[in-house]
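Thanks for coming, everyone. I'd like to walk you through one structure this morning. Please have a look at it first.

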Amino acid sequence: MLKGLREDLRLGAHPDVWAEEELGLDLDSWQRDLLRSRSSRILLNCSRQSGKSTMAAVIALHRAIHRRGSLILCLAPALRQSQELFAKVAAFYRDLGRPVAPQSEKRLSLGLENGSRIITLPGSEKTIRGFSGATLLLVDEASRVDDGLYYAIRPMLAVSGGSLVMLSTPYGRRGVFYEEWIGGRGWERFEVPASRCPRISAAFLEEERESLPPFVYRQEYECSFEETEDQVFTTDMIDRAVTDEVQPLFGSVAL
Ligand SMILES: Nc1ncnc2c1ncn2[C@@H]1O[C@H](COP(=O)(O)OP(=O)(O)OP(=O)(O)O)[C@@H](O)[C@H]1O
Ligand SMILES: [Mg+2]
């Protein structure tokens, strides 16, 4: 009993150890640093496929399990992205041997016995306004969520004393994520170019460098906020140009 409690406290105090021992992840060094951070304001400027959403899911689940009564909101720009993020949370939870109840299509949430809840939402100002008292807010692909959303969540955190983590690949010199990254105060910043991700090979990057317009390559893989005024490629064209060829190492649950 005492041993179990001690173990629980140890894992509760060390999310990185929990991720490795309980979820079986082999963390990259930046992921370990991130999970060890004690900061309540974190910005991550990361390459595509570096593991941003995976880390968002790990942080959310660790907090929910180890701090009873947590309300954790995970936001992403669109429903598809919030579903993907929720699938990662649900897959990890299932890996821990806990059942995942069926979810409604739009509002994806996981409620735990200790009173914690993880709610994954597509990020619009309207979806967030109904929630108060969030103890942790995670914004995935933060460079692409509306600025209005950011202005709606800040006061909410002031009241709850909650933490805010924004993770993103850059998307031009515009918007709140960019502004906070270059000049915001009180943030701990992590920058993770593709070259620091062991799952993305040098050969793959070389191929991408050759086939993508240079500014797209710099944005997607080198954490660079590129000028937008003379941008001749639409977002859609960029999305279609970048492939997801890095092999997934973890499965995701079907929702
Ligand atoms: N530490 C790790 N060990 C093994 N695999 C990992 C690790 N971190 C992430 N991955 C895997 O890398 C892949 C990309 O992860 P993830 O989707 O979290 O990246 P992302 O940065 O959110 O990508 P995108 O830019 O496409 O949104 C996934 O298959 C994930 O399971
Ligand atoms: Mg992602």
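Let's start with helix H8. The buried residues of H8 pack against S1, H7, S6 and S7. Which residues are they? In H8, residues 175-183, the buried ones are Gly 175, Val 176, Phe 177, Tyr 178, Glu 180 and Trp 181. Keep in mind that this is a predicted model.

Two of those names come back at Asn 45. Asn 45 sits in strand S1. Is Asn 45 buried or exposed? Asn 45 counts as buried, because its relative accessibility is 0%. Look at what Asn 45 touches, leaving aside residues up to four places away in sequence. The list is Ser 168, Pro 170, Phe 177, Trp 181, Phe 190, Glu 191, Val 192, Cys 223 and Phe 225. So Phe 177 and Trp 181, both buried residues of H8, are among the contacts of Asn 45. There is a polar contact too. The Asn 45 side chain reaches the backbone oxygen of Cys 223 at 3.2 Å.

Stay with Cys 223 for a moment. Cys 223 is in the loop between helix H10, 214-221, and helix H11, 235-241. Cys 223 is buried, because its relative accessibility is 6%. Its backbone deserves a look. Most residues other than glycine have a negative phi. Cys 223 is not a glycine, yet its phi is positive, at about 60°.

Glu 141 is another such case. Its phi is positive, near 50°, and Glu 141 is not a glycine either. You'll find Glu 141 in the loop between S5 and H7. Glu 141 has a relative accessible area of 14%, so it is buried.

Now the sheet itself. In what order do the strands run? Seven strands make an open sheet, in the order S3-S4-S2-S5-S6-S1-S7, with mixed pairing. The edges are S3, 108-111, and S7, 188-192; each has a single partner strand, so one side of each has no neighbour in the sheet. On average, neighbouring strands are turned by 10° against each other, direction ignored.

Two helices to point out here. Helix H4, residues 52-66, packs on the sheet and touches S1, S2, S3, S4, S5 and S6. The direction of H4 makes about 165° with that of S5. Helix H7, residues 147-160, also packs on the sheet, touching S1, S2, S5 and S6. The direction of H7 makes about 155° with that of S6.

Back to the edges. At the S7 edge, S1, residues 41-46, is joined to S7 by five bridges, and the two run parallel. Asn 45 appears here again: its bridge partner in S7 is Glu 191.

At the other edge, S3 and S4 run antiparallel, joined by four bridges. Gly 111 stands opposite Arg 117 in S4. S3 and S4 form a hairpin, with five residues between them. In the turn, Gly 115 has a positive phi of about 90°. What about the two faces of S3? In a regular strand, side chains alternate between the two faces of the sheet. In S3, Leu 108 and Leu 110 make up the covered face, while Ser 109 and Gly 111 make up the uncovered one.

A quick stop just before S1. Ser 39 lies in the loop between helix H3, 29-36, and S1. Ser 39 is partly exposed, because its relative accessible area is 26%. The Ser 39 side chain reaches the backbone oxygen of Arg 41 at 3.0 Å. Ser 39 and Trp 187 are 148 residues apart in sequence, but 7.8 Å apart in space, C-alpha to C-alpha.

Last topic: the ligand. Which residues come nearest to ligand 1? There are 18 residues around ligand 1, and Gln 31, Arg 48, Lys 52, Ser 53 and Thr 54 come nearest. H4 gives the most to this shell, with three residues. Now the polar contacts. An N or O atom in the Arg 48 side chain is 2.8 Å from an oxygen of ligand 1. For the Ser 53 side chain, the distance to a ligand oxygen is 2.8 Å. For Thr 54, a polar side-chain atom lies 2.5 Å from an oxygen of ligand 1. How much of ligand 1 does the protein cover? On its own, ligand 1 has 630 Å² of accessible area, and the protein covers 90% of that.

Definitions and conventions
Residues numbered from 1 in each chain as written. Chains lettered and ligands numbered in written order. Predicted model: local features only at pLDDT ≥ 70, side-chain atom pairs only at ≥ 80, totals over all residues. Heavy atoms only, no water. Pairing = 2+ DSSP bridges. Axes fitted to C-alpha atoms, helices over the stretch in contact; angles between N-to-C directions. Contact = heavy atoms within 4.5 Å. Buried < 20%, exposed > 50% of the residue type's maximum accessible area, 1.4 Å probe, protein only. Near = heavy atom within 4 Å. Polar contact = N/O pair within 3.5 Å; in protein donor to acceptor, adjacent residues only side chain to side chain. Areas by Shrake-Rupley, 256 points an atom, 1.4 Å probe, with all protein chains shown as cover.
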